[in-house]
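Biologist: Could you walk me through this model before I head back to the bench? I would like to take it one question at a time.

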Amino acid sequence: MTNSLNIAKFGGTSVATYEAMENCARIVVANVATRIVVVSAQAGVTNHLVSMAHTPLTSEQIETTYQAIVAIERAVLSQLKDKDSVAEKLDDLFEELRGLAFHEEILHRDDLKDQLLSMGERMSSLLFSAVLAEQSVPTLNFDVRKVLRTDDVYGEATPQLEEISSLATQLLRPEMERAIVVTQGFVGADAKGKTTTLGRGGSDFTAALLAEALNGDTCEIWTDVTGVYTTDPRIVAAAYPLPELSFEEAAEMATFGAKVLHPATMEPALRKDIKVFVGSSKAPEKGGTWIMRNCEHEPPYRAITRRKEQVMVTVKTPKMMYAQGFLKEVFGIIAKNKLSVDLVTTSEISVSFTLDNPANSVAQRLNKATLAELETICDVTVEHGFDLVTVVGNHMQTAKGVSSKIFAAVHDYNLRMICFGANPHNMSFLVNHQDSDDIVQKLHRELFE
């Protein structure tokens, strides 16, 4: 066995069908360094689970949604060469899923929601381990909840790094030395053993956390695109994949909307200097993007991202004029509710900032609590209908002509907030939702085409 260690993660579209899983299994076997495989729920399953966890449904609607999930899973089971090895375990998972879906408290208890949402990964990992075993390699399905310890903030749990490292060394390392381990992304457990989740897209984060805990050399993120693109190719047809990115650039892109990466993925990779690869499981021969500490080239413009559903909050009080401590009070409330602010602007008596506000998210619920508390100390204005556009690059604070070229490209549009200078890797601005496609397209033409 090679001395190097690779952790491979496969996203929902990569494990959507038996044929897709076969492609992934061949990728795993082709790299002798791959000893840990992390999988997402199959495409479509998570959306069904989210619907059951967050939407009031009739019994008939719950049954229909449940059967839709069962159909996706059984489609893979029906093509396995050795169905008997997993059929009983899959039926047990179906039974657990049904019990949670029809639980009378499912809409009101976050711990039950997480248990329900974990079912997609638990089913897909069981099936993928069976598909991988067909490649004549020793394989086992491992419950990641044994090692991925988190706090108990259900829906967006925070990993406990020291405990993960200790548990992974104790429980996971011996297993990977005798077989290729297939486990779940997105899922963890708190100190009491109750199931938690890391938030949407958390499978990338899981792979990076396990790579860090096990001192991995590389972490592969296999998805349905051939690497990280200059921008979303669904917005700009001329977008193209990047051969390399620095950790800092990748972190900025993930934070500001690049869907191909989870924002937290870069943190473990950066801490342990683990190279991250992003490629397409449908076309592995086309290569992809390598993310590393130092890149060969550091251009002023690397990519453009867009993050939708942004809220602009303005807090205002005459007390702020010459007053010490007002900003501390405002941001203390934000910090207490564990919210992340991206853009901030200040005037003499007011502060404006942006909050992410995706539907059915922990952030959305926390936003409401935060705003209610802010209203006890100041006037609060909330405006919706914005997207956040970010240009990511290098040396943007000091390179001549960088900002003027960007502003020239967007001079016909209304920019509500601008953030530049605090970071050498990005310039961000808040724009009206209806303008964001046009702005991204025009910026791409000016900077990359």
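Biologist: With which residue does the side chain of S428 make a polar contact?

Modeller: Happy to help, and please keep in mind that this is a predicted model. S428 sits in strand β16, which covers residues 426-432. Its side chain makes a polar contact at 3.4 Å, and the partner is the side chain of N426.

Biologist: Is S428 buried or exposed?

Modeller: Leaving out residues up to four places away in sequence, S428 touches F256, L343, L388, V389, T390, M417, I418 and C419. The relative accessible area of S428 is 1%. Buried means under 20%, so S428 is buried.

Biologist: I418 is on that list of contacts. Which residues make a nonpolar surface patch with I418?

Modeller: The patch has an area of about 230 Å². One of its members, F420, lies in strand β15 (residues 415-420), and F420 counts as partly exposed because its relative accessibility is 33%. Besides I418, the patch is made by F407 and F420.

Biologist: Let's go inside. Which helix gives the largest share of the largest nonpolar core?

Modeller: That core has 95 residues, and F10, I36, L97, F128, L172, L261 and I291 touch the most other members. The largest share amounts to eight residues, and it comes from helix α6 (residues 119-133).

Biologist: And which residues is L172 in contact with, leaving aside neighbours within four places in sequence?

Modeller: L172 is among the core members that touch the most others. With the neighbours within four places in sequence set aside, the contacts of L172 are I36, F142, V147, L167, V181, L210 and L214.

Biologist: How many residues are in the second, separate core?

Modeller: Y229, V236, A239 and Y301 are included in this second core. It is separate, and its size is 22 residues.

Biologist: On to charges. How many salt bridges does the count come to?

Modeller: Side chains of opposite charge can pair when their charged atoms come close. Here a side-chain nitrogen of Lys or Arg must lie within 4 Å of a carboxyl oxygen of Asp or Glu. By this rule the count comes to 20.

Biologist: How many residues apart are E134 and K81, which form a salt bridge?

Modeller: The closest N and O atoms of E134 and K81 are 3.5 Å apart. E134 is partly exposed because its relative accessibility is 23%, while K81, at 65%, is exposed. E134 belongs to the loop between α6 and β3 (139-141), and K81 to the loop between α3 (59-77) and α4 (84-101). The pair links distant parts of the chain, and the separation is 53 residues.

Biologist: Which helices hold E373 and K336?

Modeller: The side chains of E373 and K336 meet in a salt bridge, 2.5 Å from N to O. E373 counts as partly exposed at 24% relative accessibility, whereas K336 counts as exposed at 54%. The two residues are 37 apart along the chain, with E373 in helix α12 (residues 362-374) and K336 in helix α11 (residues 326-336).

Biologist: Which strands does the pair of R416 and E383 tie together?

Modeller: R416 forms a salt bridge with E383, with 3.1 Å between the closest N and O atoms. R416 is partly exposed at 31%, and E383 also counts as partly exposed, at 25%. The pair ties together parts 33 residues apart in sequence, because E383 lies in strand β14 (residues 379-392) and R416 in strand β15.

Biologist: Which residues are joined into one network by salt bridges that share partners?

Modeller: In this case the salt bridges share partners. The network they make joins R109, D111 and K194.

Biologist: Back to polar contacts: with which side chain does T223 make one?

Modeller: T223 is found in strand β7 (residues 218-223), and its relative accessible area of 14% is why it counts as buried. Beyond four places in sequence, T223 touches S14, V260, V278, G279, S280 and S281. The polar contact of its side chain is at 3.2 Å, with the side chain of D224.

Biologist: One last one: what separates the C-alpha atoms of A41 and K113?

Modeller: A41 lies in the loop between β2 (34-39) and α2 (45-54), and it counts as buried at 5% relative accessibility. A41 and K113 are 72 residues apart along the chain, and their C-alpha atoms are separated by 15 Å.

Definitions and conventions
Residues are numbered from 1 along each chain as its sequence is written. This is a predicted model: local features need pLDDT of at least 70, side-chain atom pairs count only at pLDDT 80 or more; totals for chains, interfaces and linings use all residues. Side-chain values use heavy atoms; hydrogens and water are left out. A nonpolar core is a set of buried Ala, Val, Leu, Ile, Met, Phe, Trp, Tyr and Cys residues joined through side-chain atoms within 4.5 Å. Buried means under 20% relative accessible area, exposed over 50%, partly exposed in between (1.4 Å probe, protein chains only). Helices (H or I, at least four residues) and strands (E, at least two) are DSSP runs, numbered from the N terminus. Contact means heavy atoms within 4.5 Å. Patches are made of residues with over 30% relative accessible area and no salt bridge: like charges are joined within 9 Å, nonpolar side chains (Val, Leu, Ile, Met, Phe, Trp, Tyr) within 5 Å. Accessible areas come from the Shrake-Rupley method with a 1.4 Å probe; for residues, only the protein chains shown count as cover. A polar contact is a pair of N or O atoms within 3.5 Å; within protein, one must be able to donate a hydrogen and the other to accept it, and residues adjacent in sequence count only if both atoms are side-chain atoms.
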